[in-house]
Amino acid sequence: SACQADSVAAARMVIKVTNFPKFLREIRLNGSSNITQMEERIMEKLPDDIEDFFQTNPEICDNNLDFTNTPHTPLKRDGVLFITQRRQATSDIRENPKVQILGSHAAMTCHIVVMRHTESYVASIGHFDNFSCWQFGDESSAHKEGLKVMMEEIEFLSKGDLDEGHIQVSVFGGYTDERGEAAKNSMALLSALQESNRLCEVVHFCVGPYNTCKDKEGKNTAILIGIAMDLRSQIIFPASFPWNNFEDFSTQLQDRVLRRTGQGKILDDDDKNKTKLSTFKPKALRNPKTYKNLENSVSDKEKLHKLKVDEENKTEFTTDSFGNKKFGNLKSFTESKSFQQSMSKEFQEISLKEKTRTLTKMELKPVKNRVA
């Protein structure tokens, strides 16, 4: 029953799947729905693979097909908070009216995650690649850290509405590639959601076969070009970003160089400071292990340098006949054992005689009454 499902979810905080998104979709398109009873399913364990996940959750499959059958909408730059690879951002139309749409381009093996709170309408978007999702092990995945940040920011901005609703999650990207890299990425995200301590409803998981078609050469390619979400209507839709091309990227680089070198600018400040009113700024998604190692490496270098300086200051030294510092027991090469052993017998005898030779001591007296 629904009550039992809620109690299980509260105890284990796992993923749930419902038919409510399909009900809303039919109402929006037809004005009515044949669904008369809301159904809810709790995913109590992680599926063996992505195919197993789809077979167990036909509602998500229906949502995926409906999404990919929707035409892409080209978007203008104005009002779009665009996220590139390995980036994440959370926004709320109430706190920053300048941000009307969250969006990101869909990559081949990368995945775009969109989260929204059903009551507060706070939304978050993240672009996850497969570079660090499994290579350092499950416990140090950037996916877990990134999803956690997205949920925490949604909860912070939701405030009083938090307990009145829940977080819905939609995942897009990851076509069926030959090496299976996208499938690993998909399962890493699914595992991170499953192990989260929050209850989430998965609406879309548009990956693998649901985001794969054939190109002109008969090879697999992705269906989705980009993803966007309207913060007012809360509708997620396929989108294209005509301005996000190489020419636009080149212009952004030129603008950044000009600004840093004090030579002016070629882009408006409104584009540069689009999120200045937001509580949370867009940020990079980092693997916690690699980022920690990076911080430690910098810290270790500073510690070693300080230790070296301290050791040099503590080192006892003597002076030679010319007053120069002689640190420790350092000897010249000719005084080393290896050099001594390499000398011929005749040379050793000559060297020994030279060392024992002394000059006759003479007591010199100053010349008095010396006439120039």
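1. Let me start with a charged pair: the side chains of lysine 22 and aspartate 62 meet in a salt bridge, at 4.0 Å from N to O. Lysine 22 sits in helix 2 and aspartate 62 in helix 4 (residues 58-68), so this contact ties together parts that are 40 residues apart in sequence. As for cover, lysine 22 is partly exposed, with a relative accessible area of 31%, and aspartate 62 is also partly exposed, at 35%. Keep in mind that this is a predicted model.

2. How far can you trust the coordinates? The protein chain has an average pLDDT of 77, and 63% of the residues score at least 70. Over residues 1-12 the pLDDT falls below 50, and that stretch has 10 contacts in the model beyond near neighbours in sequence. Residues 270-274 also stay under 50, with 11 contacts beyond four places in sequence. Where pLDDT is low, the predicted coordinates shouldn't be read in detail.

3. Back to the charges. How many salt bridges does a search of the whole structure find? The count is 9. One of them joins glutamate 152 to arginine 198, with the closest N and O atoms 3.9 Å apart. This pair also links distant parts of the chain: glutamate 152 is in helix 5 (residues 142-158), while arginine 198 is in the loop between helix 6 (181-194) and strand 10, 46 residues apart. Is arginine 198 buried or exposed? Arginine 198 is buried, because its relative accessible area is 14% and the cut-off for buried is under 20%. Glutamate 152, at 37%, is partly exposed.

4. Another salt bridge pairs arginine 179 with glutamate 181, where the closest N and O atoms are 3.2 Å apart. Cover is uneven here: arginine 179 is exposed, with a relative accessible area of 68%, whereas glutamate 181 counts as buried at 14%. There is a network to look at too, in which salt bridges with shared partners join Glu152, Glu155 and Arg198.

5. Now the rings, where the count comes to 6 aromatic pairs. Phenylalanine 20 and phenylalanine 23 form a stacked pair, 5.9 Å centre to centre with 25° between the planes. They are 3 residues apart in helix 2, so about one helical turn separates them. Phenylalanine 23 is partly exposed, with a relative accessible area of 22%.

6. A pair with another geometry is made by phenylalanine 54 and tyrosine 210: edge-to-face, 4.8 Å centre to centre, with 75° between the planes. Which parts of the chain does this pair tie together? Phenylalanine 54 lies in helix 3 (residues 50-56) and tyrosine 210 in the loop between strand 10 (200-208) and strand 11 (212-214), so the linked parts are 156 residues apart in sequence. Both phenylalanine 54 and tyrosine 210 are buried. They belong to one aromatic cluster made up of Phe53, Phe54, Phe205 and Tyr210.

7. Last, have a look at the surface around helix 2 (residues 20-30), where phenylalanine 20 is found. Phe20, Leu24 and Met38 make a nonpolar surface patch of about 260 Å². Why can phenylalanine 20 be part of such a patch? Its relative accessibility is 34%, which counts as partly exposed, and patch residues need over 30%, so phenylalanine 20 clears that cut-off.

Conventions. Residues are numbered from 1 along each chain as its sequence is written. This is a predicted model: local features need pLDDT of at least 70, side-chain atom pairs count only at pLDDT 80 or more; totals for chains, interfaces and linings use all residues. Side-chain values use heavy atoms; hydrogens and water are left out. Patches are made of residues with over 30% relative accessible area and no salt bridge: like charges are joined within 9 Å, nonpolar side chains (Val, Leu, Ile, Met, Phe, Trp, Tyr) within 5 Å. Accessible areas come from the Shrake-Rupley method with a 1.4 Å probe; for residues, only the protein chains shown count as cover. Helices (H or I, at least four residues) and strands (E, at least two) are DSSP runs, numbered from the N terminus. Buried means under 20% relative accessible area, exposed over 50%, partly exposed in between (1.4 Å probe, protein chains only). Rings of Phe, Tyr and Trp (its six-membered ring) pair if their centres lie within 6.5 Å; planes under 30 degrees apart count as stacked, over 60 as edge-to-face and the rest as tilted. pLDDT is the predictor's confidence in each residue, from 0 to 100. Contact means heavy atoms within 4.5 Å.
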